[in-house]
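Colleague: Could you take me through the nonpolar interior of this protein and then the loops beside it? I would like the cut-offs along the way, please.

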Amino acid sequence: MLKHNFEAVEEKIQAACKRAGRKREEITLIAVSKTKPVEMLQEAYNLGNRIFGENKVQEIVDKYDALPNDISWHMIGHLQRNKVKYIIDKVTLIHSVDSLRLAETIEKEAAKKGITADILIEVNAAREDTKFGVLPEKAEELVSDISSLPHIRIKGLMTIAPFVDNPEENRIYFQRLRNLAVDIGENKSDNVTMGVLSMGMTNDYEIAIEEGATMIRVGTGLFGARDYR
């Protein structure tokens with residue numbers, strides 16, 4: 001099943017790239033493995049996947065030691081400040097930074113480890129009350145505030161679009177994030193780049209690719225439905 005799913009997603013990625021006139025190498029597929037057992041992740045690894053995304057700190061900690069050390073782990077869920085220390089030296093990229101206070105905690109923990117943390121600014125592009133993320137009009141100010149922190153590199157933006165029956169409805173939010181990245185990029189400092197746009201999930205990643213996504217976060221499309229019991 002997993003092999004078939006990965007092949008099906010890959011075909012859709014390539015088709016979306018073709019429609020958008022983009023190269024396949026521009027897109028990073030993050031296999032969202034939350035709630036999935038280590039055995040299933042190992043199977044995905046054996047199929048060639050090396051990039052996994054998790055929503056919870058504890059799952060990263062548990063899976064980190066149980067799986068090969070050449071895996072690139074991405075923290076894509078809401079990150080509490082008191083949990084930063086557990087993953088700061090385990091993850092390649094934190095997608096979900098939406099406040100200066102969180103960034104200051106990441107800075108402190110990265111300094112302790114003598115590393116530089118790569119992050120994305122999470123933007124609530126659809127302005128949903130139920131979602132985390134800085135509002136679009138506040139994003140540039142947040143980037144400016146965080147850019148002074150020496151142990152952090154801002155690599156781009158992330159958004160979680162609404163769950164909709166028709167993925168076409170989310171095109172406007174992906175466009176909004178891309179345009180915001182362009183605007184911020186024009187005023188960037190040394191440790192700020194806007195090369196990463198993390199947007200698009202199982203339901204809408206093809207639209208996201210058409211609108212400039214460089215990272216897509218696909219879980220159900222690869223691993224099947226989740227059991228939250």
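Modeller: Happy to; here is a walk from the overall fold to the core and then to two loop residues.

This is a predicted model, in which local features need pLDDT of at least 70 and side-chain atom pairs count only at pLDDT 80 or more, while totals for chains, interfaces and linings use all residues. Residues are numbered from 1 along each chain as its sequence is written, and side-chain values use heavy atoms, with hydrogens and water left out.

The protein has nine helices and eight strands; these are DSSP runs (H or I of at least four residues for helices, E of at least two for strands), numbered from the N terminus. Its radius of gyration is 17 Å, close to the 17 Å that the globule rule gives for 229 residues, so the protein is as compact as a globular protein of that length. That radius is taken over C-alpha atoms, and the rule is 2.2 Å times the number of residues to the power 0.38.

Of the 229 residues, 50% count as buried, where buried means under 20% relative accessible area, exposed over 50%, and partly exposed in between (1.4 Å probe, protein chains only).

Now to the interior. The largest nonpolar core has 62 residues, and Ile106, Ile121, Ile146 and Leu157 have the most contacts inside it. Helix α1 (residues 2–20) gives the most to this core, with six residues. A second, separate core of six residues includes Leu93, Leu120, Met158 and Val196. Such a core is a set of buried Ala, Val, Leu, Ile, Met, Phe, Trp, Tyr and Cys residues joined through side-chain atoms within 4.5 Å.

Leu157 deserves a closer look: leaving out residues up to four places away in sequence, its partners include Leu120, Ile121, Leu177, Ile184 and Val196. Contact here means heavy atoms within 4.5 Å.

Next, the loops. Ile115 sits between α5 (100–113) and β5 (117–122) and is partly exposed, at 26% relative accessibility. Beyond four places in sequence, Ile115 touches Ile88, Asp89, Ala110 and His151. The C-alpha atoms of Ile115 and Asp89 are 7.7 Å apart, although 26 residues separate them along the chain.

Lys90 belongs to the loop between α4 (84–87) and β4 (91–97). With a relative accessible area of 22%, Lys90 is also partly exposed. Setting aside neighbours within four places, Lys90 is in contact with Tyr64 and Trp73, and its C-alpha atom is 8.1 Å from that of Val61, 29 residues away along the chain.
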